There are 2 protein chains.
Amino acid sequence: MTQATAKTLPDAPPETRPDAAALRLAGSDATRVREAARAHAREAPGQDPDLPAYDLIELFFFAYRDFVGDPDRILDDYGFGRAHHRVLHFVARNPGLTIAELLEILRITKQSLNRVLKELIEKGFVEARPGTTDRRQRLLFVTEAGGSLALRLSRLQTQRIGRALADIPAEGRSAVADFLLAMIDPGERDAVARRVDGPGEGS
Amino acid sequence: MTQATAKTLPDAPPETRPDAAALRLAGSDATRVREAARAHAREAPGQDPDLPAYDLIELFFFAYRDFVGDPDRILDDYGFGRAHHRVLHFVARNPGLTIAELLEILRITKQSLNRVLKELIEKGFVEARPGTTDRRQRLLFVTEAGGSLALRLSRLQTQRIGRALADIPAEGRSAVADFLLAMIDPGERDAVARRVDGPGEGS
DNA sequence: GCCTATACGTCAGCCTTGTTGACATATCTC
DNA sequence: GAGATATGTCAACAAGGCTGACGTATAGGC
């Protein structure tokens, strides 16, 4: 997981690439240009696609890396990876989830899902029961152990989020949530929004 | 394989588990409790670790997935993956970057790095030159093609970010940046902040 | 001018987690 | 009863992490 992007320095087109030293020790001219571009980018963030939002791109990258890093360490003790985490999380959050629904959420193949799901079941963290109305389906639930682990991992991540939000005023906090939601593909935004707040019930 | 390292998996007594139907069709009592908890979580997001911030956890997950999904499609045409993207990005952003520095940023092993870096060099997207002061080092630069690709990918991601920020007021935007920065491990926050705005120069 | 530490490359093998393709089984629906 | 659907499974493969071991060139201290 994990990823980033790229860039050509606005003031340094690659073909004109000066020497290494020259680039690194770029004089005050280049510095001034860069400063101006940066200031502009701050006013109209992402509005001008010619000025990539390098700051947010990289912040997002590093933030996400640390965000998933917390659980990773714990999962390791159980012999689980991120894939297990995702499955465990969504099953915990959506009791009675169907295989098909889970595949839809995770967007992986059933073979990939089955590998980790099988392990979660064998180790007693997840349980599958035949559907009541449609007995071909397998409804997924976390066991007590699974629920505890899922909760523990969620709390870990929640703590990091809590620390990050601590110094942010209320309006800023909703801006963060709005931003994250708006980063999602428009087509699935609604589905995610619905799933995110209150999966247990239509409410 | 998956072995629970030196750990006795806490057994999950299936008998304690409530029935599937009971869980899914939880009555209005449960619904009311859930509503209350959700409202509370909105006021004090992440402050109470007993109430996981499920919304932000999941939003972050889905947002990041779509965020890296854009470049993925393009990279595919070049036979590159996310690993290539990361390398290309940081080399483009930090001309003259050293192998050691890149390893530091990416936090992967040199063997992993070398695999993708070699491909990027062979395909003419990245170039390595011996260091001037220390000739053991290899200073990395993007070629013209590399710069273009990097820029193209950054613009793609910038567009998504721009759309996401479009409806967010100025204060909210800085809150987003603050949030992302604060999500990063405190220890490396400074290093990232420095790298993020203006890697070319100490400025 | 050595000698050691450092920067980097490389070979070999392993793991996780994703993929495709083909096929099996149970159950639902018409 | 026939066909669609939900799921499981076998086999093979790829990307991108990892460890361990070892090789080479250069820097730097003495």
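## Burial and the make-up of chain A

A residue is called buried when its relative accessible area is under 20%, exposed when that area is over 50%, and partly exposed in between, using a 1.4 Å probe and the protein chains only. By that rule, buried residues make up 51% of the 203 residues in chain A. The model is a predicted one, where local features need pLDDT of at least 70, side-chain atom pairs count only at pLDDT 80 or more, and totals for chains, interfaces and linings use all residues. Residues are numbered from 1 along each chain as its sequence is written, chains are lettered from A and ligands numbered from 1 in the order in which they are written, and side-chain values use heavy atoms, with hydrogens and water left out.

Chain A has nine helices and three strands. Helices (H or I, at least four residues) and strands (E, at least two) are DSSP runs, numbered from the N terminus. Along the sequence, the order in chain A is α-α-α-α-β-α-α-β-β-α-α-α. A contact means heavy atoms within 4.5 Å. Among the contacts in chain A between residues at least 6 apart in sequence, 54% join residues at least 24 apart.

## Around DNA strand C

Let us turn to the DNA. A residue is near a strand if one of its heavy atoms lies within 4 Å of it. DNA strand C has 26 residues around it, and Arg86(A), Ser112(A), Arg115(A), Lys110(B) and Arg138(B) come nearest. These 26 residues divide into five nonpolar, ten polar and eleven charged. In this grouping, Ala, Val, Leu, Ile, Met, Phe, Trp, Tyr, Cys and Pro are nonpolar, Asp, Glu, Lys and Arg are charged, and the others, Gly among them, are polar. On the DNA side, 57% of the strand C atoms within 4 Å of the protein belong to sugar or phosphate, and the rest to bases.

Some polar contacts (pairs of N or O atoms within 3.5 Å; within protein, one must be able to donate a hydrogen and the other to accept it, and residues adjacent in sequence count only if both atoms are side-chain atoms) can be picked out here. A polar backbone atom of Arg82(A) is 2.9 Å from a phosphate oxygen of DNA strand C, and a polar side-chain atom of Ser112(A) lies 3.4 Å from a phosphate oxygen of that strand. Arg136(B) reaches a base instead: a polar atom of its side chain is 2.6 Å from a base oxygen of DNA strand C. The elements giving two or more residues to this surface are α4 (82–93) and α6 (110–122) of chain A, together with α5 (99–106) and α6 (110–122) of chain B.

## Around DNA strand D

DNA strand D is surrounded by 25 residues, the closest being Lys110(A), Arg136(A), Arg138(A), Arg86(B) and Arg115(B). Of the strand D atoms that come within 4 Å of the protein, sugar and phosphate account for 56%. The surface residues here divide into four nonpolar, ten polar and eleven charged. At least two residues each come from α5 (99–106) and α6 of chain A and from α4 (82–93) and α6 of chain B.

A base oxygen of DNA strand D is 2.4 Å from an N or O atom in the side chain of Lys110(A). Arg136(A) has a polar side-chain atom 2.6 Å from a base oxygen of DNA strand D. A polar backbone atom of Ile99(A) is 3.5 Å from a phosphate oxygen of the strand.

## Where chains A and B meet

Asp66(A) sits in helix α3 (residues 54–78) of chain A. Its side chain has a polar atom 2.8 Å from the backbone nitrogen of Asp185(B). Beyond residues up to four places away in sequence, Asp66(A) touches Arg160(A), Met183(B), Ile184(B), Asp185(B) and Glu188(B).

Arg160(B), in helix α7 of chain B, has a relative accessible area of 3%, so this residue counts as buried. A polar atom of its side chain lies 3.5 Å from the backbone oxygen of Asp66(B). Leaving out neighbours within four places in sequence, Arg160(B) is in contact with Met183(A), Ile184(A), Asp185(A), Asp66(B), Phe67(B) and Asp70(B).

## A loop residue to look at

Arg107(B) is found in the loop between α5 and α6 of chain B. Its phi is near 55 degrees, a positive value in a residue other than glycine. Arg107(B) is partly exposed because its relative accessibility is 49%. In chain A, Arg107(A) also lies in the loop between α5 and α6, and has a positive phi of about 60 degrees although it is not a glycine.
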